[in-house]
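Me: I should like a close look at a single part of this structure, with attention to its side chains and their exposure. Please set that part in the context of the whole chain.

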Amino acid sequence: TTDVTAKSEVRSSTGGVAYEVVLEDKKKEEPEEIIRRQSLTGNTSPRDKTDIESKLDKARRRREEFLEQKLASVRTDEERRQEALERARLEEQKFIENTKKDLETKFEIIKENKEAQKKLFEESVEEQKKRLAEVQRRAQALQQSDETTKA
């Protein structure tokens with residue numbers, strides 16, 4: 001890191017205020033962080049190449065594990081979605097089949113009712129014809145009996 005020191009001289013210019021900034025040269029001694037790290041690890045260089053490589057390898061493995069977990073999660077979610085779609089499709093098919101059966105049953109009942117009503121109507125027409133024939137016979141019998149009594 002470099003230290004920045006600013007002179008307190010303020011120069012005025014036509015557009016505003018200007019400051020003169022002086023940067024110091026790089027210091028010769030190492031920062032405390034590197035010295036502390038060296039004393040803890042026992043390394044002579046600020047960063048040991050094998051240490052860096054092992055850390056990079058561990059980070060790569062963690063990344064791979066994370067990606068594998070994400071992929072497994074995505075696969076699981078996709079399987080669940082497919083199962084849900086399959087269940088919905090099966091339920092829809094069952095609903096369609098049940099609805100068809102119900103409609104067929106209703107149509108059969110309606111057909112049977114119409115046939116029963118038609119048969120009942122035909123029977124009542126037959127009864128009325130029989131009654132009419134009976135009434136006509138009685139009327140003829142009465143007419144004949146009246147003619148025989150008048151004659």
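Reply: What follows is an account of helix α2, preceded by a brief view of the whole chain.

The model is predicted, and its secondary structure comes to 2 helices and 2 strands, arranged along the sequence in the pattern β-β-α-α. Of the 151 residues, 1% count as buried. The protein exposes about 14900 Å², of which carbon and sulfur atoms supply 53%. The average pLDDT is 82, and 70% of the residues score at least 70.

Confidence is highest in α2, at a mean of 94, and lowest in strand β1 (residues 4-12), at a mean of 47. Over residues 1-10 pLDDT stays under 50, and the model has 16 contacts beyond four places in sequence for these residues. Where pLDDT is low, the predicted coordinates should not be read in detail. The close look is therefore directed to α2, where the mean confidence is highest.

Helix α2 spans residues 49-150 and contains Phe107. This residue joins Leu103 and Ile110 in a nonpolar surface patch of about 300 Å². Phe107 has a relative accessibility of 55% and therefore counts as exposed, the cut-off being over 50%.

Charged side chains give a second view of the helix. Side chains of opposite charge can pair when their charged atoms come close. In this model the count comes to 10 salt bridges, and several of the pairs can be described individually.

Asp77 and Arg80 meet in a salt bridge with an N to O distance of 3.8 Å. Both residues lie in helix α2, 3 residues apart, which is about one turn of the helix. Their exposure falls into two classes: Asp77, at 42% relative accessibility, counts as partly exposed, whereas Arg80, with a relative accessible area of 53%, is exposed. The class boundary explains this, because a residue must be over 50% to count as exposed.

The next pair is formed by Glu78 and Arg81, whose closest N and O atoms are 2.6 Å apart. These residues are also separated by about one helical turn, because they stand 3 residues apart in helix α2. Arg81 counts as partly exposed at 42% relative accessibility, and Glu78 falls in the partly exposed class at 34%.

Further along the helix, Glu134 and Arg138 form a salt bridge at 3.5 Å, N to O. Here the spacing is 4 residues in helix α2, so the two partners are again separated by about one helical turn. Arg138 is exposed, with a relative accessible area of 55%; Glu134, at 29% relative accessibility, counts as partly exposed.

Beyond these pairs, Asp57, Arg60, Arg61 and Glu64 are linked in a network of salt bridges.

Taken together, helix α2 carries the salt bridges Asp77 to Arg80, Glu78 to Arg81 and Glu134 to Arg138. Phe107, in the same helix, contributes to the nonpolar surface patch with Leu103 and Ile110.

Notes:
Residues are numbered from 1 along each chain as its sequence is written. This is a predicted model: local features need pLDDT of at least 70, side-chain atom pairs count only at pLDDT 80 or more; totals for chains, interfaces and linings use all residues. Side-chain values use heavy atoms; hydrogens and water are left out. Patches are made of residues with over 30% relative accessible area and no salt bridge: like charges are joined within 9 Å, nonpolar side chains (Val, Leu, Ile, Met, Phe, Trp, Tyr) within 5 Å. Accessible areas come from the Shrake-Rupley method with a 1.4 Å probe; for residues, only the protein chains shown count as cover. A salt bridge is a side-chain nitrogen of Lys or Arg within 4 Å of a carboxyl oxygen of Asp or Glu. Buried means under 20% relative accessible area, exposed over 50%, partly exposed in between (1.4 Å probe, protein chains only). pLDDT is the predictor's confidence in each residue, from 0 to 100. Contact means heavy atoms within 4.5 Å.
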